[in-house]
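Student: I should like to work through the interior of this protein with you. May we begin with the enclosed space and then move outward?

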Amino acid sequence: MNEFSLALTDEQEQLRDWIHQFCVDVVRPVAGEWDEREEFPWPIVEEAAQIGLYGWDFLAQGMLGDKTGLTLPVAIEELFWGDAGIGMAIMGTGLAAAGIAASGTQEQVMEWVPQCYGTADDIRLGAFCASEADAGSDVGGYRARAVYDEASDEWVLNGAKAWITNGGIADVHVVVAVVDPELGSKGHASFIVPPGTMGLSQGQKYKKHGIRASHTAEVLLDDVRVPGQCLLGGREKLDERLARVRRGEKGNAQAAMQTFEATRPAVGAQALGVARAAYEYALDYAKERHAFGRPIIANQGIAFMLADMATEIEASRMMVWRAAWLGKNKSFVNAEGSMAKLKAARTATWVTERAIQILGGAGYTREVPVERWHRDAKIHDIFEGTEQIQQLVISRAISGMRIE
Ligand SMILES: Cc1cc2nc3c(=O)[nH]c(=O)nc-3n(C[C@H](O)[C@H](O)[C@H](O)COP(=O)(O)OP(=O)(O)OC[C@H]3O[C@@H](n4cnc5c(N)ncnc54)[C@H](O)[C@@H]3O)c2cc1C
């Protein structure tokens, strides 16, 4: 195990500065426009791909080539400081990549993850399709079915997935479906739906509160046939796992929990970027804005609010970085990934709300970006496990008991 340290390397600092500049030059000037348009920002993602910020190589370097675990949260915080909607458009494919990495064989990872991204001149998208309209937190309630057709060695998928980032516009969809309905959440498997497969279509595209440049839609599966080899992890492993569960033995739940714990700090880092953007804006504003003949920051009521905002952001970052380090070094003890995500998301929602307060009437208008950041922050309390689901995971970890 590497020695615990939160000191950034020179490379990590350079990466942070490079992404910061991309955000200043390219992302921030158009962030408000893409939010208003509520469309996927293709030209910006294409530009990100051209400079190497969107792509399999970037992800591989950030994930595989980093022993500290800090590269990804540092990069993500900076990108989401630029804009969360565009940040999500650039990072959303990572959800599909993580889904493939979590369940796929080495060969499947090498075959499909690069296809999720395409090339700098021909970008592709990936989507991870798990949630359903009646089952988001309650993963045991999924209804989408996958049935094996022995004669053709194909899996046939039917059902509807809800709130899917890049859903329907992605080239590669990773779909979680029920293979044995009697086993609840342990009877699922994940499948690759390759580009152009018949029967997969986009349902409604959602109109959202925030991260509006990120595309979120239903994914409809109508007799979608995929080759047997599109089952992630392969048939043998699935049969073994299902047999273990049927015998009442523990499945790979522990391994799955560790995977989720390891990806949660990245979501915390997203929230941190949004929080920092709002805090910096409010700090500058409070120094410039005068009321009662003095800058508003000269009042403790405003200055102390900013002091608390800065403190919460620092505390959240330390938790996110530590959880990222633990994730890399496989030594979670008390659901630290969930704690980091919970804390950073709450911080972002609270800090962005306080920022509006500091800006007063201006903060409530769309003339300045603070109201957008407040809308963008909120999603972090909801997706990748809601606030309450993080509390559930943490309370189970600290108590060793089944909390409902
Ligand atoms: C913009 C956006 C993008 C998304 N992207 C994706 C994606 O790419 N892929 C994907 O699969 N999903 C995605 N989702 C879905 C997201 O993960 C779910 O919305 C989330 O998990 C919550 O599920 P739900 O909406 O069904 O809420 P519910 O599970 O119905 O929860 C409603 C409320 O009840 C609470 N609650 C539920 N169960 C409990 C409990 N046991 N104890 C206490 N409180 C509880 C929740 O915390 C919440 O406050 C996305 C959602 C959004 C909004």
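Student: How many nonpolar, polar and charged residues are there in the lining of the largest cavity?

Tutor: This is a predicted model, and its largest cavity is lined by Leu 53, Tyr 54, Gly 55, Phe 58, Leu 59, Leu 72, Ile 90, Met 91, Gly 94 and Tyr 117. Glycine is counted as polar, and Gly 55 and Gly 94 are in that list. The lining therefore divides into eight nonpolar, two polar and no charged residues.

Student: What is the volume of the largest cavity?

Tutor: The structure holds one cavity of 30 Å³ or more. The volume of the largest cavity is about 60 Å³.

Student: Which helices each supply at least two residues of the lining of the largest cavity?

Tutor: The lining includes Phe 58 and Leu 59, and helix H3 covers residues 56–63. Ile 90 and Met 91 also belong to the lining, and helix H5 covers residues 84–91. The helices asked for are H3 and H5.

Student: How many of the residues of H5 are buried?

Tutor: Buried here means under 20% relative accessible area. Ala 84, Gly 85, Ile 86, Gly 87, Met 88, Ala 89, Ile 90 and Met 91 are buried in H5. The count for this mostly covered helix is eight of eight.

Student: Which residue caps the N-terminal end of H5?

Tutor: The cap involves a side-chain oxygen that lies 3.2 Å from the backbone nitrogen of Gly 85. The residue that provides this oxygen is Asp 83.

Student: Which helix gives the largest share of the largest nonpolar core?

Tutor: The largest nonpolar core has 111 residues, and Tyr 54, Ile 100, Phe 191 and Ile 358 have the most contacts inside it. The largest share, 12 residues, comes from the helix spanning residues 253–288, H9.

Student: Which residues of H5 are in contact with Tyr 54?

Tutor: Leaving aside neighbours within four places in sequence, the contacts of Tyr 54 include Val 45, Cys 116, Tyr 117 and Leu 125. Tyr 54 is also in contact with two residues that are buried in H5, Ala 89 and Ile 90.

Student: What is the volume of the second largest pocket?

Tutor: Helix H1 (10–37) and helix H3 each supply at least two residues of the lining of this pocket. Among the lining residues are Glu 11, Phe 58, Asp 66 and Lys 67, and by class the lining has two nonpolar, seven polar and three charged residues. The volume of the second largest pocket is about 200 Å³.

Key: Residues numbered from 1 in each chain as written. Predicted model: local features only at pLDDT ≥ 70, side-chain atom pairs only at ≥ 80, totals over all residues. Heavy atoms only, no water. Core = buried A, V, L, I, M, F, W, Y, C linked by side-chain atoms within 4.5 Å. Buried < 20%, exposed > 50% of the residue type's maximum accessible area, 1.4 Å probe, protein only. Helix = DSSP H or I, 4+ residues; strand = E, 2+ residues; numbered from the N terminus. Contact = heavy atoms within 4.5 Å. Polar contact = N/O pair within 3.5 Å; in protein donor to acceptor, adjacent residues only side chain to side chain. 1 Å grid on protein atoms, 1.4 Å probe; cavity = no way out; pocket = protein on both sides within 12 Å on 5 of 7 lines; lining within 4 Å. Points joined across faces, edges and corners; volume = space filled by probe spheres on them.
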